[in-house]
Each structure stands twice: as C-alpha cells, then as structure tokens.
Amino acid sequence: MEKSTKEINQQLTAEAHLNKFLGFAQTNSAALAVYRLPNESKLKILCDLSGGKYIQELNLEDLSSGFLMHPFRTGLNKIVHFEAEVLGEILLTPNDNDTTAEISLDWLRSPSEQIEAKIEEASEFDFSILAKNDNLRSTFSSEYIQMVEEGIQSIKREEFYKVVPSKIKHIESDNNVNLGQAFINACYKYPNAFVNLTFSAKTGLWLGASPETLIEDKKGEYFKTMALAGTQRKSEKSIAETTWTQKEIEEQAYVSRYIINCFKKIRLRDFDEIGPKTVEAGNLLHLKTTFKVHTESANFPELGSVMLKLLHPTSAVCGMPKESALEFISKKEKHDRSYFSGFMGPVHLSGLSHLFVNLRCCQINNQTVTFYAGAGITEDSKAEKEWEETEMKCKVLSDVIFGI
C-alpha cells in the first residue's frame, strides 16, 4: 500500500523538521522555541503564532504555559513570553547521531490543518532578512585582559569580591549555517546541557547549550536551583581524579553562599544542599552544588517568582556583591549582553517551569555569528588564563556550528 503525501511529509529527518519550523516562523511572523532538556532524548518544538509578547514585570505564577526569554538587564531589552499555541516533540535515538534516519513529529498540542499545511510547505530560513551586526566587533584580547586586571584591582580595594566580565566574538558565516543540523549536533555532543534554538522578531535568532539551571519549579513538589562555577578543560583523567585550584573552589563557594543568602532573605531555612561535585559540560568541567526545597512543606507558592528576582543576575554571571559588580560591568563592557547571561526556558509545561542561565550561546545575524562568554574573576585570577577560558567557552558552540 502506498503512503499518503501527509505520511511521507511527516517522515522527515529531525534536521529537516527543525529547518521547516524555522522557515515557517520567519514567513508567518511567529515565535519559535526548540529545546532539549538535559539528559533527555525528546526535542520539544513550541510555537507562538502571534510572535510572542513583551512582559513588563515577571510574575512566574501568572504566565500561561509557554517559553520565557529574559535578558541580562531588563532595561536594555524586554522580557518576552512565547505562548505554547503549537507544541510538538521529536524523539532522538540515544547514541545515534544519524539525522538522515526518518523521524516522525508527534503533536502534543495540535495546530489547525491550515497551520499544519503551512509548516509542511515552509521554505528555507532566509538569513539575509536578519539584521547585520556591522556596529559590533570582536573583543580584543588586550581589551579583555585589561578589564580583568582592573577587576582584580577593584577586588583588592574591596569594592567587590568577584566580578564576571564578558566578551563577544564574531565569526563570518556567509549565511551558510545549517541550524537544524547544528542543533542536533549540540544535542548529541552536550547531553547534560539545555540545548535551545529560539527565533522571533522581538528577540532575534539564538542558539545555545547551557549547563546551568537557574530554577526548576515543579508545582506542589519541589524547587531547585544550583551554584555552577569554576571551569577547566576536560582531560583524560576520570571525574573522580579531577583537582581544582583554590581560586576555582573559592569562586564556586561565592555562588553557593549567594544562594544561601537569598534563602535567608525570605527566611527559608529548610533546604537540601547537594555538592559541590564535578560535572561535565561538553569538553569542559565545572563545580556544581544543587539546592532543593520541598515546596509542599515550605508552603511558599510564590517561591519561583521571588527567587528569580533575588537570584538574577547571579554571582556566576555578574559578581558579588551584585550592585557593585554590575556597576563595574556597566562601565567597562563595550557591548550589550542582550540575552546572554539572562535566562530562558519552558514555563508551566506538564506542571514544570525549568529556566536556565543563557550561557554557551550565540546570536545569529546576517553573515555573522556572535558568540558570548564570560569568566569569574577573583583576587587570585590571572588575566591571560581568564581570556583563555572565554576562548574555550566560545569554542563549545563554534565547533558545533562550523566544525572548527
């Protein structure tokens, strides 16, 4: 028996599915979020046909199910929420990165037949329509090293204890990036990361593979957050044999203390602290401590929103104390971080809101890809080493996109 045209169209590669959704979103002014949660094999595809909406003040409990994108600084960009009008998922075969295999799309929230037909007939994403980044240039190593050295001097003057300066790195793309393939490659290469691909007229086009949860809030069950800091390249040693310097241990301890202080501010004392332990993020290693609150016993229904306001921007992306570190960043950084080191993720889907710090990310424009990275600076930091750390972090995604 011959297959119908609809059945044939559904049996596409995962790569082709994603590229079709991107083309559909661009052509129809829709907002699109494609993501894979850490250690899962299902890709979620979420589409807001209205293009997403701006939110002036974030109250997590008031949001409908969807996807949230929050910038590093609210005053520079806007918080954007994508409603889950269209929702689907693709199951990837574990340990099999052959994206030429036929993979079916399952609708979780089925669109109308008219919308489904438009998705199936969508043309390729047109990079030339995107804005150019002609006014931005890559951060020079000399600039970044000077910024780090000034940060160290400010720490010695006790203006703050830690600061996280960031940089940008532009790579010419010639508009030949295969976004569907890059996303699938990132899923297999970084199984412990939150892999995400988002597009809307309000936010632009972003790709990322973040290792860091900001909050995980399961309604009526638990609330989680984590302290993730300290970075080194993965070696041939096992994780159990990994050693950390005093600087890296201290950096991670600052983040943990910051979270504990946030709990103290809201008089929440009953929580589990797990770690620190060494975790993998692709070819990098980090120190991680997880904090878990059992929300039923805590009787704190607004805990997610309250902690978001206290945590962001965390000391892992800004510094400590927050206000003085943020002032240093505002004065010294010559670029707009935009959504880098903000947070994003699904909200109220199957009772779960899971938001991640937007790290290991890039913004894709007409003919360029802009990578963002930062490094935590303490009194013991070495400026050249911090520059090398940012180069390693940019390489996480540039390897995936360009195969460098």
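Buried here means under 20% relative accessible area. By that cut-off, strand β6 (residues 86–91) is mostly covered, with 5 of its 6 residues buried. The model is predicted. It holds 3 cavities of 30 Å³ or more and 17 aromatic pairs. This briefing covers strands, a covered helix, the largest cavity, aromatic contacts and charges over rings.

**Strand β6 and its partners**

- β6 pairs with strand β2 (residues 42–48) in the antiparallel sense, over 6 bridges.
- On that side, Lys-42 has Leu-91 of β6 as its bridge partner.
- β6 also runs antiparallel to β7, and 4 bridges join the two.
- Within that pairing, Glu-89 stands opposite Asp-106 in β7.

**Strand β5 and its partners**

- Strand β5 spans residues 79–83, and 4 of its 5 residues are buried, so the strand is largely enclosed by the rest of the structure.
- Strand β3 (residues 53–55) pairs with β5 over 3 bridges, in the antiparallel sense.
- Ile-55 has Ile-79 in β5 as its bridge partner.
- Strand β4 (residues 66–70) is joined to β5 by 4 bridges, again antiparallel.
- Here Leu-68 stands opposite His-81 in β5.

**Helix α8**

- Helix α8 (residues 303–311) is mostly covered, with 7 of its 9 residues buried.
- Leucines among the buried residues include Leu-303, Leu-308, Leu-310 and Leu-311.
- Gly-304, Ser-305 and Met-307 are also buried in α8.

**The largest cavity**

- The largest cavity holds about 230 Å³ of space.
- It is lined by 23 residues, and those closest to its centre are Ala-316, Leu-359, Arg-360, Gly-374 and Lys-393.
- Three elements each supply at least two lining residues: β13 (222–233), β20 (368–374) and α10 (383–402).
- β13 gives the most to the lining, with 4 residues.
- The lining divides into 11 nonpolar, 6 polar and 6 charged residues.

**Aromatic contacts**

- Among the 17 aromatic pairs is a tilted one between Phe-21 and Trp-107, at 6.1 Å centre to centre with 55° between the planes.
- This pair links distant parts of the chain, 86 residues apart: Phe-21 sits in helix α2 (residues 14–27) and Trp-107 in strand β7 (residues 105–109).
- Phe-21 has 2% relative accessibility, so it counts as buried.
- Trp-107 has 22% relative accessibility, so it counts as partly exposed.
- Trp-206 and Tyr-339 form an edge-to-face pair, at 6.0 Å centre to centre with 80° between the planes.
- That pair also links distant parts of the chain, 133 residues apart.
- Trp-206 belongs to strand β11 (residues 204–210), while Tyr-339 lies in the loop between α9 (322–332) and β17 (343–347).
- Both Trp-206 and Tyr-339 are buried.
- One aromatic cluster is formed by Tyr-35, Phe-67, Phe-82, Phe-194 and Phe-356.
- Two of the strands described above contribute to this cluster by residue number: Phe-67 falls within β4 (residues 66–70), and Phe-82 within β5 (residues 79–83).

**Charges over rings**

- Lys-167 lies over the face of Trp-387, at 3.7 Å from the ring centre.
- Lys-224 has its charged end over the ring of Tyr-222, 5.2 Å from the ring's centre.
- Both Tyr-222 and Lys-224 fall within the range of β13 (222–233).

**His-294 and Lys-224**

- His-294 is found in strand β15 (residues 284–294).
- His-294 has a relative accessible area of 40%, so it is partly exposed.
- Along the chain, His-294 and Lys-224 are 70 residues apart, and their C-alpha atoms are separated by 8.9 Å.

How values were computed:
Residues are numbered from 1 along each chain as its sequence is written. This is a predicted model: local features need pLDDT of at least 70, side-chain atom pairs count only at pLDDT 80 or more; totals for chains, interfaces and linings use all residues. Side-chain values use heavy atoms; hydrogens and water are left out. Buried means under 20% relative accessible area, exposed over 50%, partly exposed in between (1.4 Å probe, protein chains only). Two strands pair if DSSP finds at least two bridges between them. On a 1 Å grid over the protein atoms alone, a cavity is a set of points where a 1.4 Å probe fits but cannot get out, and a pocket is an open set with protein on both sides within 12 Å along at least five of seven lines; lining residues have an atom within 4 Å of a point. Grid points are joined across faces, edges and corners, and a volume is the space filled by probe spheres set on the points. Ala, Val, Leu, Ile, Met, Phe, Trp, Tyr, Cys and Pro count as nonpolar, Asp, Glu, Lys and Arg as charged, and the others, Gly among them, as polar. Rings of Phe, Tyr and Trp (its six-membered ring) pair if their centres lie within 6.5 Å; planes under 30 degrees apart count as stacked, over 60 as edge-to-face and the rest as tilted. A charge sits over a ring if NZ of Lys or CZ of Arg is within 6 Å of the ring centre and within 35 degrees of the ring normal.
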